Amino acid sequence: MDLRSVPLLPGAFTIGKRFSFEAGHRLPGLPPEHKCSRQHGHSYEVEVILTAPCLEEPGFVTDFGALSPFRTFLDAELDHRNLHEILPFEPTSERLARFLAGWFIQNLQPKIPGRLVAVLVRETGSSWARFDVEGQ
Ligand SMILES: Nc1nc2c(c(=O)[nH]1)N=C([C@H](O)[C@H](O)COP(=O)(O)OP(=O)(O)OP(=O)(O)O)CN2
Ligand SMILES: [Zn+2]
């Protein structure tokens, strides 16, 4: 078979990269009998998802390595901290995902090709929340 005959289809490209940090929190908005109203911790996983209509050389939406400032931010500001003490909102996964999307768009997106589509936050192996950025 001549592999050059395989069509290059129109469409968009999407990439994702996963980061992690450890942090504690509690959710005082929950009733006191709810286990998550008590202080506890998570090994958070955060996935950023980016898209582009066309690729930068050598064929990237964005170089995965160019996302390293996001890791630096997580390490410096959130890792091994009590989220409840440092964030200006009750740190549910949903709100954390929106906050991280805001930081990414404000601080990193202007410096890289590709646009942020969504941020996914995993608190446990079985639960996650995703914030989808509008108008991207
Ligand atoms: N929609 C949301 N629900 C809950 C959140 C959240 O951020 N968004 N957060 C919590 C707690 O932080 C809790 O630590 C995590 O919840 P849960 O998945 O219930 O954790 P478990 O590991 O205990 O779950 P099991 O699968 O039942 O073992 C609560 N809800
Ligand atoms: Zn929790």
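This short talk describes the sheet, the helices packed on it, the nonpolar core and the surroundings of the ligand.

Good morning. Please keep in mind throughout that we are looking at a predicted model.

I shall begin with the sheet. It is open, has five strands in the order E3-E1-E2-E4-E5, and its pairing is mixed. E3 and E5 occupy the edges with a single partner strand each, so one side of each has no neighbour in the sheet.

Let us now go through the pairs. Strand E1, residues 13-25, and strand E2, residues 40-52, are antiparallel and share 13 bridges. Within this pair, Thr14 faces Thr51 of E2, and Arg18 has Glu47 as its bridge partner. On to E3, which covers residues 81-82: this strand pairs with E1 in the parallel sense, over two bridges. There, Ala23 is partnered by Arg81 of E3.

E2 also pairs with strand E4, residues 115-124; the two run antiparallel and are joined by seven bridges. Here Ile49 stands opposite Ala118 of E4. Which residue of E5 stands opposite Ala118? It is Asp132. E4 and E5 are antiparallel as well, with six bridges between them.

Next, the helices. Helix H1, residues 68-78, packs on the sheet, where it touches E1, E2 and E3, and its direction makes about 10° with that of E1. Helix H3 lies across E2, E4 and E5 and runs at about 145° to E4.

This brings us to the core. The largest nonpolar core has 18 residues, and those that touch the most other members are Val48, Ala97, Leu100, Ala101 and Val119. Which elements give two or more residues to this core? They are E2, H3 and E4. Leu100 offers an example: leaving aside residues up to four places away in sequence, Leu100 touches Val46 and Val119.

Finally, I turn to ligand 1. The residues around ligand 1 are Leu27, Cys36, His40, Thr92, Ser93, Glu94, Glu123, Thr124, Ser126, Ser127 and Ala129. How many of the shell residues are nonpolar, polar and charged? Three are nonpolar, six are polar and two are charged. Helix H3, residues 93-107, strand E4, and strand E5, residues 127-132, each contribute at least two residues to this shell.

To close, I would draw your attention to H3 and E4. Both give two or more residues to the largest nonpolar core, and both supply at least two residues of the shell around ligand 1. Thank you for your attention.

Notes. Residues numbered from 1 in each chain as written. Chains lettered and ligands numbered in written order. Predicted model: local features only at pLDDT ≥ 70, side-chain atom pairs only at ≥ 80, totals over all residues. Pairing = 2+ DSSP bridges. Helix = DSSP H or I, 4+ residues; strand = E, 2+ residues; numbered from the N terminus. Near = placed C-beta within 6 Å. Nonpolar A, V, L, I, M, F, W, Y, C, P; charged D, E, K, R; others polar. Core = buried A, V, L, I, M, F, W, Y, C linked by C-beta atoms within 7 Å. Buried ≥ 20, exposed ≤ 12 C-beta atoms within 10 Å, placed from the backbone. Contact = placed C-beta atoms within 7 Å. Axes fitted to C-alpha atoms, helices over the stretch in contact; angles between N-to-C directions.
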